[in-house]
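Colleague: Could you walk me through this one and show me how you read its features?

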Protein chains: 2
Amino acid sequence: MQLTEIYQPIVQELEDVEDGLKAVSVIDAPWMEELLAYALKGGGKRLRPALAIFSAKFYDFDMPRLLPLTTSVELMHMATLVHDDTIDKSNMRWGRETINKLWGMEKAILLGDYLFAKAGALTASTENLRVIKLLSETLMVITNGELAQSASAFALNQSREHYYFRISCKTAALFVMATESGAVLSNAPEKSIKILHDYGYNLGVAFQIIDDILDYIGTEKEMGKPVGSDLAQGTLTLPGLMLVEKYPLNNPVQKLFADRKQTENIAKTIEMVRNSDIIGKCFDIAAEYKEKACRGLRNLPANESRESLYNLADFIVNRRR
Amino acid sequence: MQLTEIYQPIVQELEDVEDGLKAVSVIDAPWMEELLAYALKGGGKRLRPALAIFSAKFYDFDMPRLLPLTTSVELMHMATLVHDDTIDKSNMRWGRETINKLWGMEKAILLGDYLFAKAGALTASTENLRVIKLLSETLMVITNGELAQSASAFALNQSREHYYFRISCKTAALFVMATESGAVLSNAPEKSIKILHDYGYNLGVAFQIIDDILDYIGTEKEMGKPVGSDLAQGTLTLPGLMLVEKYPLNNPVQKLFADRKQTENIAKTIEMVRNSDIIGKCFDIAAEYKEKACRGLRNLPANESRESLYNLADFIVNRRR
C-alpha cells in the first residue's frame with residue numbers, strides 16, 4: 001500500500017501539520033526566513049506527525065489540541081537531521097543539498113538549535129506536563145545515542161546490543177514521543193498509552209533497521225543520498241556487524257576502519273553483504289520488530305486508525321526509500 | 001566589591017547549584033561522562049544562578065523548588081558557549097581549551113544539544129508552565145540573535161540598533177530568564193516580576209557591552225581568550241561600531257572586513273579605539289543601562305537581596321574579566 005493511501009483518513013490533519021510547519025517559517029527575521037523555508041519544505045514522509053495523529057484517534061481526538069505536538073515532533077526530527085548532516089559533513093539529503101552544504105556549518109548548527117527551541121515552545125503550548133517532560137527526555141536520549149555512535153565510529157568490536165541501544169536512542173525514541181504523546185493528548189487510558197508507546201518503540205527499531213539495510217542495497221536515486229554513507233562515517237550498522245560476525249578474521253570492514261580513506265573497501269563491503277544471506281536475515285529481524293509492534297495493537301479498539309497503524313507498519317518494512 | 005563577598009548571603013544555595021551541576025555529569029554513558037565533567041567544571045562566575053536566587057529571595061523563597069531552574073540556566077549558558085565556540089572554531093575559553101578543540105566539532109555539537117535537552121528536562125521538573133514556556137522562548141531568542149550576528153558578520157554598515165538587538169537576544173534574554181523565573185517560582189506579584197524582568201534585561205545589556213569593551217582593552221590572561229576575538233570573527237561590537245561612525249571614510253575595520261586575513265588590521269583597530277574617547281563612551285553607556293537596571297529595584301522590598309542585586313550590578317560594570 002502506498003503512503004498516500006495509508007494517509008487518506010488523515011489528509012486534512014496532515015494539511016494542518018503542513019500549515020503549522022509553514023507558519024514556523026513566517027518570522028520577522030530576514031536572516032532566518034530563507035533557511036527555515038528551505039528546511040521545512042523538505043521531502044520528508046511526515047511519518048512522526050502521522051503516528052501522533054493515528055495514535056490520538058482511538059480516544060478523545062482533538063486536532064487543535066494535538067497540532068502543536070505533531071508540528072513539534074517533525075521539527076525535532078528535522079533539527080536532528082540538520083545537526084547530523086553537519087556532523088557528517090553530508091552534502092545530500094532527500095535528493096537535494098543540505099543546509100550545511102548550502103549555508104555552512106555555523107548557520108546549520110544555529111538553525112538546528114532554533115528548531116529544537118521551537119519544538120520545545122510548541123510542545124510547551126500543549127500545557128501538558130507529561131508531554132513536555134517527554135520531549136526533553138527524548139532529546140536527551142537522542143543526543144546520548146548520537147554521542148554513543150560518534151564514540152564508536154570506526155570501532156570493529158561492537159555488539160548487536162550496542163547497535164540496538166544506538167538505534168533505539170536515535171530513532172525509536174522519537175517514534176515513541178509521537179505515539180505516546182498522541183495517546184496522552186487524547187486522554188487514552190494508561191494501558192493504551194503503554195501499547196502505543198511499545199508500538200512506537202518497536203516500529204522505530206524496525207524502521208531504522210530498514211534504513212540501515214537500504215544504505216547497503218538501495219540506489220543513490222532512491223535514497224536521495226550516496227549508498228554506503230554509514231560505512232563512510234565509520235558507523236557499523238546491522239548488515240556490516242553481521243558481516244564482521246560471519247567473517248571475523250578477514251573482512252573488508254577491518255581494512256576500511258583501519259585506513260579510513262579506502263573507498264574501494266566500502267564497495268567491497270557492500271558487495272560482500274549483498275552476495276550473502278545477511279540482507280535476508282536483517283529483513284527478518286526488522287519483520288520481527290514490526291510484528292511485535294503490531295501484536296500489541298490487538299488490545300486497542302478495532303477502528304480505522306488501528307488498520308492505519310497496521311498498514312503503516314507494513315509500509316515501513318517494505319519501503320525502498 | 002569582590003564576587004565572593006557579594007555571593008556571601010547565598011553561599012549555601014550556590015553550593016547546591018554546584019552539586020546540581022555535578023549530578024548532571026553522573027550518567028551511565030561512558031562516552032559522555034568525561035565531556036560533561038569537563039564542560040561543567042568550567043570557570044564560570046555562576047552569574048545566572050545567582051541572579052535567579054537573589055531574585056527569588058524577595059518573596060516565597062524555596063531552594064528545592066528553585067534548584068532545577070538555577071541549574072538549568074547555567075546549563076543553557078554552557079550549551080550556547082559550547083555551540084558558539086564550535087561555530088567560531090575558538091580554541092580557548094576561561095583560560096583552557098574548548099570542547100571543540102579537545103574533542104572535535106561532532107562531539108561539541110552533540111554535547112551542546114544534550115545540555116539544551118537537560119536544561120529543558122530540569123526546567124520541566126519545576127512543573128511551572130510559565131517558566132517552561134520562558135525557557136523555549138529564550139532559546140529561540142538566543143539562536144535568533146546568534147543567527148543575526150552570523151548573518152551580519154564582516155558587514156560594515158551596521159546600526160547601533162542592530163547591535164542592541166543582537167546583544168539583547170544573545171545575552172540579556174538569559175539574564176531575564178534567570179531573574180524572571182526566580183521571581184515567578186517565589187510567587188512574586190506581577191509588578192515585582194516585571195521589575196526583576198527589567199533588571200535582568202538592562203543588566204544583561206550592560207554585561208554584554210562590558211564584555212565587548214574587554215575584547216578591546218583586556219589582556220588575554222585576564223579574559224582567558226585572545227584579545228580581538230570578535231573582530232577576528234567579523235563581529236562588529238559597540239567600540240568598533242563607534243570607530244566606524246567616527247571615521248566613516250578611513251578606518252582599519254573597513255580593510256579588515258574587506259580582506260578577512262589581515263591580522264595587523266585587528267591590532268590597528270584595537271589601538272585606534274584605545275587611543276580615542278570611544279572606550280569611555282562605551283563605559284558610560286554600560287553605566288546607563290546598569291543605572292536603569294538598579295532604578296527599578298527601588299520598588300522592591302528593601303532587603304539583603306536588593307543590596308546584593310545592587311552590588312552585583314556594580315560588579316558587572318567594573319569587572320575586568
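Colleague: Let's start inside the predicted model. Which elements do the buried residues of α4(A) pack against?

Modeller: A general idea helps here: nonpolar side chains in soluble globular proteins tend to be buried together. In this predicted model, the buried residues of α4(A) pack against α2 (11–25), α5 (63–88), α9, α10 (190–217) and α17 (304–318) of chain A.

Colleague: How many residues of α4(A) are buried?

Modeller: The count is 10 of the 10, so α4(A) is largely enclosed by the rest of the structure. Among the buried residues are A:L47, A:P49, A:L51, A:I53 and A:F54, and the list also includes A:R48 and A:S55.

Colleague: Just before that helix there is a loop. What is the phi of A:R46?

Modeller: Generally, most residues other than glycine have a negative phi. A:R46 has a positive phi of about 55 degrees, although it is not a glycine. This residue is found in the loop between α3 (30–41) and α4 (47–56) of chain A. A:R46 counts as buried because it has 20 C-beta neighbours inside 10 Å, and 20 is the number at which a residue is called buried.

Colleague: And in chain B, where does B:N187 lie?

Modeller: B:N187 lies in the loop between α9 (160–184) and α10 (190–217) of chain B. Its phi is near 55 degrees, again a positive value in a residue other than glycine. With 14 other C-beta atoms within 10 Å, B:N187 is partly exposed.

Colleague: Now a helix residue. Is A:L115 buried or exposed?

Modeller: For helices, keep in mind that residues three or four places apart point the same way, because an α-helix has 3.6 residues a turn. A:L115 sits in helix α7 (residues 105–124) of chain A and is buried, with 28 other C-beta atoms within 10 Å. Leaving aside neighbours within four places in sequence, A:L115 is in contact with A:L75, A:M78, A:A79 and A:V82. A:E74 is 41 residues from A:L115 in sequence, and their C-alpha atoms are 9.7 Å apart.

Colleague: What separates the C-alpha atoms of A:R160 and A:E245?

Modeller: They are separated by 9.9 Å, while lying 85 residues apart along the chain. A:R160 belongs to helix α9 (residues 160–185) of chain A and is exposed, having 12 other C-beta atoms within 10 Å. For another pair, take B:E5 and B:Y247: they are 242 residues apart along the chain, and 43 Å separates their C-alpha atoms. B:E5 is in helix α1 (residues 3–6) of chain B and is exposed, with 10 other C-beta atoms within 10 Å.

Colleague: Which residues touch the most other members of the largest nonpolar core?

Modeller: A:A206 and B:A206 do, in a core of 203 residues. Not counting residues up to four places away in sequence, B:A206 touches B:A286, B:Y289, B:K290, B:A293, B:I316 and B:V317.

Colleague: Let's step back to the whole chain. How many helices and strands are there in chain A?

Modeller: Chain A has 17 helices and 2 strands. Its radius of gyration is 20 Å, which agrees with the value near 20 Å for a compact globule of 321 residues. The C-alpha atoms fill a box of roughly 55 × 50 × 30 Å along the principal axes, and 51% of the residues count as buried. Of the contacts in chain A with a separation of 6 or more, 72% are between residues 24 or more positions apart.

Colleague: How many residues does each chain bring to the contact?

Modeller: Chain A and chain B each bring 33 residues. On the side of chain B that touches chain A, the elements giving two or more residues are α3 (30–41), α5 (63–88), α7 (105–124) and α8 (129–151) of chain B. The largest share, 14 residues, comes from α8(B). By class, that side has 18 nonpolar, 7 polar and 8 charged residues.

Colleague: What rotation superposes chain B on chain A?

Modeller: In general, two copies of a chain are related by a rotation about an axis and a shift along it. Here the rotation is 180 degrees, with 0.0 Å of shift along its axis and an RMSD of 0.0 Å. The two copies are thus related as by a two-fold rotation axis. The copies meet through the same surface, because 100% of the interface residues of chain B are also interface residues in chain A.

Colleague: Finally, what ipTM and pTM does the model score?

Modeller: As a general caution, predicted coordinates should not be read in detail where pLDDT is low. Chain A averages a pLDDT of 94, and 100% of the residues score at least 70. The model scores ipTM 0.95 and pTM 0.96.

Definitions and conventions. Residues numbered from 1 in each chain as written. Chains lettered and ligands numbered in written order. Predicted model: local features only at pLDDT ≥ 70, side-chain atom pairs only at ≥ 80, totals over all residues. Contact = placed C-beta atoms within 7 Å. Helix = DSSP H or I, 4+ residues; strand = E, 2+ residues; numbered from the N terminus. Nonpolar A, V, L, I, M, F, W, Y, C, P; charged D, E, K, R; others polar. Least-squares fit on C-alpha atoms with pLDDT ≥ 70 in both. Core = buried A, V, L, I, M, F, W, Y, C linked by C-beta atoms within 7 Å. Rg over C-alpha atoms; globule rule 2.2 N^0.38 Å. pLDDT = per-residue confidence, 0-100.
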